[in-house]
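Please open the model in a viewer and keep the selection tool at hand. The tour below proceeds stop by stop.

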Amino acid sequence: MKCISGISEHLRLGFLSPLLLCAALAGCATAPATPPPPDLFNDASFARPTVPVDPRQAFALSDAMRQYVRVDIARAARNKNPRRALADALHNRAGLQLEYDAAMTRTAAQAFDARSGNCLSLVLMTAALAKEMGLDVHYQLVLGEESWSRSGGMYFVAGHVNLALERRAASNTLGYDADAILLIDFLPGEDLTGQRTQQISESTILAMYLNNRAAETMASGELDQAYWYARAAILQDPTFAGAFNTLGIIQLRHGDVEPARRTLAYAQERSPSNTVLLSNLAQALDGLGRADEAQLLRRKLLALQPEPPFHFFNLGRRAMDAADYQEAARLFQREIARDPYYHEFHFWLAQAYARMGQLSQAGRQLELAMNNSTTRSDHGLYAAKLQRLRAVTTH
C-alpha cells in the first residue's frame with residue numbers, strides 16, 4: 001500500500017486543485033533557508049487558533065511510550081541489538097501491531113495510542129521511541145513516490161517518508177559500516193526495491209507535519225486553524241515549498257486573494273516548473289481579474305502536464321453520466337494504469353462493470369478498492385458493498 005502521509009506538496013482548487021497533504025514532494029526545495037518576506041503573512045485576517053500550534057508536540061513522548069521503551073523494548077533487546085528490537089516491535093504481530101490509517105496526521109503519542117497512522121505519523125512515533133532509546137535517527141524522502149487523491153472538491157498529492165536508525169560508531173571504528181544502518185519503512189518489503197531516497201532534516205519533517213495538519217484542517221473547513229499550522233510550517237523550514245502552496249490556498253479560500261497571489265508567486269519563483277503552484281497561481285490571478293496572466297500560466301502548465309492527474313478519471317465520470325459504461329471502464333482503466341493503488345479508481349471501475357452486468361469483474365475491483373483503501377471508514381464502506389454484491393451473485 002502506498003503511504004499517503006497527508007501532505008506533501010500541493011494543494012489546488014478549481015480546475016485541478018490539489019491540496020498538499022503528506023510529506024514528500026516539496027521537501028526538496030533548492031532555495032536557501034532565508035526568512036520569508038514580511039508581507040507573506042496576513043495574521044490580522046485570521047482568528048487565533050483554537051488548538052495551540054506547538055511543533056514540539058509532534059515528537060513528545062507519553063508516559064505509556066516511556067514505559068514501553070523501559071519494559072517491552074528493553075526485554076526484547078536482551079537477545080538482540082536495540083535497533084533490531086525496535087524494528088521487530090514495529091513490524092511483528094506480537095509487537096505494536098500497527099495499522100496504516102491516513103484519516104489524519106497524528107503526533108508520535110497519538111499514533112502510539114491509536115496503534116495506527118499514515119507514514120509521517122509512524123515516522124514521528126518511531127523517531128520518538130528511537131531517541132528515547134538513545135539511537136541516532138535519519139529521515140529520508142522517498143523520491144518518485146507521490147500519489148494523488150481527492151476530497152471535498154480538492155485534489156491532494158502525497159509523498160512518502162521513512163527513516164533509518166544508525167548505530168553510533170565506536171571511537172576506533174573506521175570507514176563506512178553497511179550493517180550500521182537499519183531502514184524502517186511502513187511499505188511492504190517488496191515495494192522497497194530500487195527505492196531512491198534523499199536525506200532530509202528534522203526541521204523538514206516537522207514542517208511536513210505542520211503542513212499536513214494545515215491541509216487536513218483546511219479540508220474540514222477550519223481555515224483559521226489551518227492558517228496558523230501553515231504559517232508555523234513555513235517558519236519551521238522556509239525551504240519546504242509545500243507549506244507556501246498550502247498557505248496560498250488557505251488565503252485563497254479565505255477570500256484573501258492578493259495575499260494568496262503573493263504567497264504563490266513567491267513559491268513559484270523558486271519552483272518555476274511546479275505544476276501545482278502554476279495551477280493555483282493562475283486561479284489567484286483569475287480572482288484578481290488578471291485573466292491574461294492566468295492564461296499564460298495555464299499554457300505553460302499544459303505544456304508541462306498535458307494530461308494531469310485524474311484526467312482520465314474525470315472523463316470516465318462523464319461517460320458514466322452519459323450511460324456509456326464501456327467507455328467509462330476504458331477510461332478508468334487508463335487512470336489505473338497510471339496509479340494502480342488509488343482505491344477510488346477501482347471503485348468506479350467496479351461500478352462500470354456492475355452497470356454492464358459483469359459482476360465478477362465488479363467484485364474483483366471492489367476487492368482492490370478495499371485492499372488499497374487508506375482509512376478505516378473507506379475500508380468498511382467497500383467491504384459492505386462487496387458483501388452486498390456477493391450476496392446478489394450467490395442467489
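In what follows, a residue is buried when its relative accessible area is under 20%, exposed when over 50%, and partly exposed in between, computed with a 1.4 Å probe on protein chains only. The model is predicted, so local features need pLDDT of at least 70 and side-chain atom pairs count only at pLDDT 80 or more, while totals for chains, interfaces and linings use all residues. Residues are numbered from 1 along each chain as its sequence is written, and side-chain values use heavy atoms, with hydrogens and water left out.

**First stop: a strand residue**

Select L165, which is located in strand β5 (residues 154–166). Helices (H or I, at least four residues) and strands (E, at least two) are DSSP runs, numbered from the N terminus. L165 counts as buried because its relative accessibility is 0%. Add A127 to the selection: its C-alpha atom is separated from that of L165 by 8.6 Å, although the two residues are 38 apart along the chain.

**Second stop: helix α9**

Proceed to N274, which caps the N-terminal end of α9 with a side-chain oxygen 3.0 Å from the backbone nitrogen of V276. Then select α9 as a whole, which is mostly covered, with 10 of its 13 residues buried. Among them are T275, L278, A282 and L285. The end C-alpha atoms of the helix are 19 Å apart, which agrees with the 18 Å that 13 residues should span at 1.5 Å a residue; the expected span is 1.5 Å times one less than the number of residues.

Within α9 (residues 275–287), centre on N280. With 0% relative accessibility, N280 counts as buried. Its side chain makes a polar contact with the side chain of N245 at 2.8 Å. Such a contact is a pair of N or O atoms within 3.5 Å; within protein, one must be able to donate a hydrogen and the other to accept it, and residues adjacent in sequence count only if both atoms are side-chain atoms. After the helix comes G289, whose phi is positive, near 80 degrees.

**Third stop: helix α11**

Which residues of α11 (residues 311–321) are buried? They are F312, F313, G316, A319 and M320. Viewed down the axis, these buried residues fall within an arc of 115 degrees, so they line one face of α11; the arc is taken over directions from the helix axis to the C-beta atoms. The face turned away from that side carries the exposed R318 and D321. Finally, select A323, which follows α11 and has a positive phi, near 60 degrees.
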